[in-house]
Structure formats: C-alpha cells, structure tokens
Amino acid sequence: MSTKKFPNLVSQFLQYVKFETQSCRESQDEPSSPNQLKMAEFLVEELKSYGLEDAHIGKGGVVYASLDAAKGFEDCPAIGLIAHMDTSPDAPAVNIKPQIIQVETGDVLLNPEKQIYFRENDFPEIKKYVGQEVIFTDGTTLLGADDKAGVAAITACMAYLKDHPEVIHAKICVAFTPDEEIAKGTVNFDIPRFGADYAYTFDGGEIGTLETENFNAATAMVTIKGVVVHPGLSKGKMVNSIKLASRLIGAFPEEQAPETTEGYEGFIHPNKIEGTVA
C-alpha cells in the first residue's frame with residue numbers, strides 16, 4: 001500500500017477556488033472562457049499524479065480520466081463521476097477570499113469592514129449546521145462551491161482509491177465539464193469516450209439527497225435597436241430601446257417566473273439586461 005498521504009478534501013477545494021473559471025454567455029468559444037482550460041490542465045496533471053494515466057482534455061475543454069476496476073471486478077458495469085469546473089457569471093468571482101467559520105445560532109458575520117452578514121432569516125437552512133464549520137467567502141464574491149466542491153470530492157475519491165487497493169470497486173470514469181452554468185456543459189460531452197455505464201453528477205444539493213431528474217433550459221438573446229435623436233428634437237422620431245426592453249419584460253406572465261413557480265412548472269427568467277437609448 002502506498003504511504004502517499006490522502007489529500008485533504010478541504011485543502012483540495014480551497015486550491016480549486018483560486019481558479020477564476022466563470023463561464024461567459026456571450027462567448028462563442030468552447031469553452032466559453034480561457035481560464036477554464038487552465039483549471040482543466042491542472043486537473044489532468046493532478047489525476048495523472050494519482051495514477052489515472054489516461055487523463056486528458058477532450059473537445060471543448062472536457063476532462064476525461066478513468067481508474068481501472070479492482071482485480072476480479074473487470075466485468076462489472078463502469079461507474080461515472082461527473083462535476084463541472086465553471087462558476088456562475090452572475091456574481092463577482094475574482095480574488096475569492098474563502099474562510100472557514102464555525103456556525104453558531106444567529107447571523108454569520110462575513111466581512112467586518114463592510115458589515116456583510118449571512119443572515120439566518122434569509123437562509124434559514126443554515127440552522128442545520130449549527131456547531132459545524134462551514135466555508136464562506138468574505139461576502140464580496142461567490143465562493144465557487146458550485147461546483148468545485150464536486151470536483152474536489154471526485155479527485156479526493158480517486159486519490160483515496162488509488163492509495164487503497166484493498167477497496168473493491170468497478171472501473172470508475174471521471175469527467176469534469178466546462179460551461180454548465182450557461183447550459184452548454186454537455187455540448188461536447190463524448191459519451192463513448194467517457195466509458196461509463198451508469199453515472200452520477202456531484203453538484204449542488206443538501207447532504208444525503210439524490211436527484212434522479214433535472215430541468216432543461218433554453219436561452220434567447222434579444223437585441224433591440226433604437227433610434228437616437230437629441231431629446232430636444234425627438235418628438236415623433238426617437239425610439240428608446242431601454243423602454244422597449246422594459247415593455248418586453250413587462251409582458252412576461254407574472255405567474256411564469258422563478259419566484260412564483262415550483263415543481264414541474266416552467267418559467268421565463270430575464271437574466272441580464274444592458275444598453276442605452278440606441
């Protein structure tokens with residue numbers, strides 16, 4: 001048995017959040033942002049160091065690797081473990097400052113200087129973790145636990161299994177995908193290359209839960225072109241694209257919004273708007 005130290009899961013995670021891997025909705029590149037490839041390259045080298053010699057980057061920046069089955073279990077169905085490398089483009093994600101805080105009853109102070117709190121009234125589920133250590137940011141950026149926590153869980157698992165050959169397991173196939181946050185995570189996913197018969201995705205959710213289905217989404221990008229005229233001379237001539245955009249959004253049914261739907265109900269979700277009169 002190897003005496004190589006089992007990598008600490010928290011240390012792995014804290015290392016991954018240093019990578020700025022926000023996906024970009026406006027990009028036509030694959031992956032949509034170059035920094036995702038930097039993390040992909042890092043993960044390939046890390047997996048190879050754990051003995052997954054076939055680790056490599058496929059089309060679009062997807063990372064693939066596999067760990068051979070334990071002796072005598074080569075004929076068992078291969079199991080896949082999947083997580084995504086990118087983080088949401090909807091919040092700041094540069095210069096992340098993670099911190100480990102023991103949760104007590106009440107609000108959690110994240111940033112004394114800016115008086116930023118993680119408030120119990122806003123996030124009542126935090127009460128489940130009173131007395132436990134939780135990783136937060138300083139409140140000025142996202143953390144990236146979605147889904148670098150999933151990535152860390154998988155890489156730590158691979159390191160453990162490689163260092164503990166007495167643990168019986170089938171062939172394990174690993175994949176880390178880019179651009180999940182912009183609904184492009186499976187665009188370049190090569191199922192035959194992945195090689196798994198059954199697979200699990202490690203992503204957001206409470207401890208002990210297992211999702212067996214997920215929603216799907218489509219994105220529409222609308223460009224509105226206005227007519228610019230000096231405001232003092234604009235009667236009957238100006239077309240204000242900002243006002244048109246507001247009318248468009250205002251026409252969406254209120255009962256078909258994320259904040260008014262649940263279960264299998266669909267919704268329309270304005271995600272980002274920017275522009276001028278033109």
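Visitor: Where does Gln 115 lie in this model?

Guide: Gln 115 sits in the loop between β5 (residues 108-111) and β6 (116-118). Please keep in mind that the model is predicted.

Visitor: Why does Gln 115 count as partly exposed?

Guide: Its relative accessibility is 46%. Buried would need under 20% and exposed over 50%, so Gln 115 falls in between and counts as partly exposed. Its backbone deserves a look as well: phi of Gln 115 is near 55°, a positive value in a residue other than glycine.

Visitor: Which value of phi does Ala 183 have, and is it positive or negative?

Guide: Phi of Ala 183 is near 65°, so positive, again in a residue that is not glycine. Ala 183 belongs to the loop between β8 and α4 (191-194). With a relative accessible area of 48%, Ala 183 is under the 50% limit for exposed, and therefore partly exposed.

Visitor: What makes the peptide bond between Glu 30 and Pro 31 cis or trans?

Guide: Omega is about 0° there, and the bond is cis. Pro 31 is found in the loop between α1 and α2. Another cis peptide bond runs from Asp 146 to Asp 147, with omega near 15°, and Asp 147 is in helix α3.

Visitor: Why are helix α1 and helix α2 called roughly parallel or roughly antiparallel?

Guide: The axes of α1 (residues 9-16) and α2 (residues 35-49) cross at roughly 150° and come within 12 Å. An angle over 145° counts as roughly antiparallel, so α1 is roughly antiparallel to α2. From α1, Gln 12, Gln 15 and Tyr 16 make the contact, meeting Met 39, Phe 42, Leu 43 and Glu 46 of α2. By type, these residues are 4 nonpolar, 2 polar and 1 charged.

Visitor: How do you know on which side of α1 the buried residues are?

Guide: The buried residues of α1 are Gln 12, Phe 13 and Tyr 16. They cover an arc of only 95° around the axis, so they are on the same side of α1. Among the elements covering them are α2, β7 (133-136) and α3.

Visitor: What makes Leu 47 stand out in the largest nonpolar core?

Guide: Along with Met 158 and Phe 176, Leu 47 touches the most other members of this core of 31 residues. Helix α3 gives the most to the core, with 6 residues. Leaving aside residues up to four places away in sequence, Leu 47 touches residues including Val 63, Ala 65, Met 158 and Phe 176.

Definitions and conventions. Residues are numbered from 1 along each chain as its sequence is written. This is a predicted model: local features need pLDDT of at least 70, side-chain atom pairs count only at pLDDT 80 or more; totals for chains, interfaces and linings use all residues. Side-chain values use heavy atoms; hydrogens and water are left out. Axes are lines fitted to C-alpha atoms, for helices over the stretch in contact, and angles run from 0 to 180 degrees between N-to-C directions. Helices (H or I, at least four residues) and strands (E, at least two) are DSSP runs, numbered from the N terminus. Angles under 35 degrees count as roughly parallel, over 145 as roughly antiparallel, 65 to 115 as roughly perpendicular and the rest as oblique. Contact means heavy atoms within 4.5 Å. Ala, Val, Leu, Ile, Met, Phe, Trp, Tyr, Cys and Pro count as nonpolar, Asp, Glu, Lys and Arg as charged, and the others, Gly among them, as polar. A nonpolar core is a set of buried Ala, Val, Leu, Ile, Met, Phe, Trp, Tyr and Cys residues joined through side-chain atoms within 4.5 Å. Buried means under 20% relative accessible area, exposed over 50%, partly exposed in between (1.4 Å probe, protein chains only). The arc is that of the directions from the helix axis to the C-beta atoms.
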